[in-house]
Amino acid sequence: MSSKQQQQQQRERLEAETMEFQKLQKEYSGLVGSRQQLESQLQENEVVEQELKRLKSSDPGARVYKMVGPVLVLQDSAEAGANVDKRIEFIRGEMARVDRRIEQLASDQEKKSVAIFKLQMDMQGVSQEA
């Protein structure tokens with residue numbers, strides 16, 4: 001195989017690897033954004049949980065309302081607490097799933113980065129031989 005053909009194949013392979021790396025980066029940044037949003041939702045729900053507990057201890061007969069569209073609907077405080085607990089559990093599960101995927105993508109990005117670096121070094125060696 002001629003040197004020019006080798007260079008062309010390496011160039012094409014480098015472009016493909018670079019495109020895959022960019023896809024990984026894009027997915028990674030999207031997941032980081034999702035993780036931040038989940039963290040915010042978790043904090044909000046934890047505040048609601050604390051408020052419901054404080055309300056229950058200070059005034060056991062207090063009424064809890066839930067906003068449904070533009071209307072406030074009376075809701076049982078135990079039911080409201082259970083709903084918040086379920087949301088918190090769900091959010092934590094989603095955060096764990098997103099964290100695992102972020103770790104996997106970071107590992108994949110590192111591998112691609114090494115592969116790209118090796119291809120670049122190989123291309124420099126081929127072009128110096130020519």
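Here is a walk through the strands and salt bridges of this structure, which is a predicted model.

Let's begin with the strands. Strand 1 covers residues 64–68 and strand 2 covers residues 71–75, and the two pair in the antiparallel sense over 5 bridges. To find your place in that pairing, look for K66: its bridge partner in strand 2 is V73. The two strands make a hairpin, with 2 residues between them. While you're at the turn, have a look at G69, which has a positive phi of about 65 degrees. As a rule, side chains in a regular strand alternate between the two faces of the sheet.

Now for the helices and the charged pairs. Counting salt bridges here gives 9. A good one to start with is R101 with E27, whose side chains meet at 3.0 Å, N to O. This pair links distant parts of the chain: E27 sits in helix 1 (residues 3–58), R101 sits in helix 2 (residues 77–129), and they are 74 residues apart. Are these two buried or exposed? Neither, quite. R101 comes out at 30% relative accessibility, so it counts as partly exposed. E27 is partly exposed as well, with a relative accessible area of 34%. Both values fall in the partly exposed class because buried means under 20% and exposed means over 50%.

Other salt bridges stay inside one helix. Take E49 and K53, where the closest N and O atoms are 4.0 Å apart. That distance still makes the list because the cut-off is within 4 Å. Both residues belong to helix 1, and they are 4 residues apart, so about one helical turn separates them. K53 has 54% relative accessibility, which means it counts as exposed.

Helix 2 has a pair of this kind too. E94 forms a salt bridge with R97, and here the closest N and O atoms are 3.0 Å apart. The two are 3 residues apart in helix 2, about one turn of the helix. How accessible are they? E94 is at 22% relative accessibility, so it counts as partly exposed. R97 is at 42%, and that makes it partly exposed too. Salt bridges can also share partners, and in this model such sharing joins E17, E20 and K112 into one network.

If you're following along in the viewer, try R101 and E27 for the link between helix 2 and helix 1, then go to G69 for the hairpin turn.

Conventions
Residues are numbered from 1 along each chain as its sequence is written. This is a predicted model: local features need pLDDT of at least 70, side-chain atom pairs count only at pLDDT 80 or more; totals for chains, interfaces and linings use all residues. Side-chain values use heavy atoms; hydrogens and water are left out. Buried means under 20% relative accessible area, exposed over 50%, partly exposed in between (1.4 Å probe, protein chains only). Two strands pair if DSSP finds at least two bridges between them.
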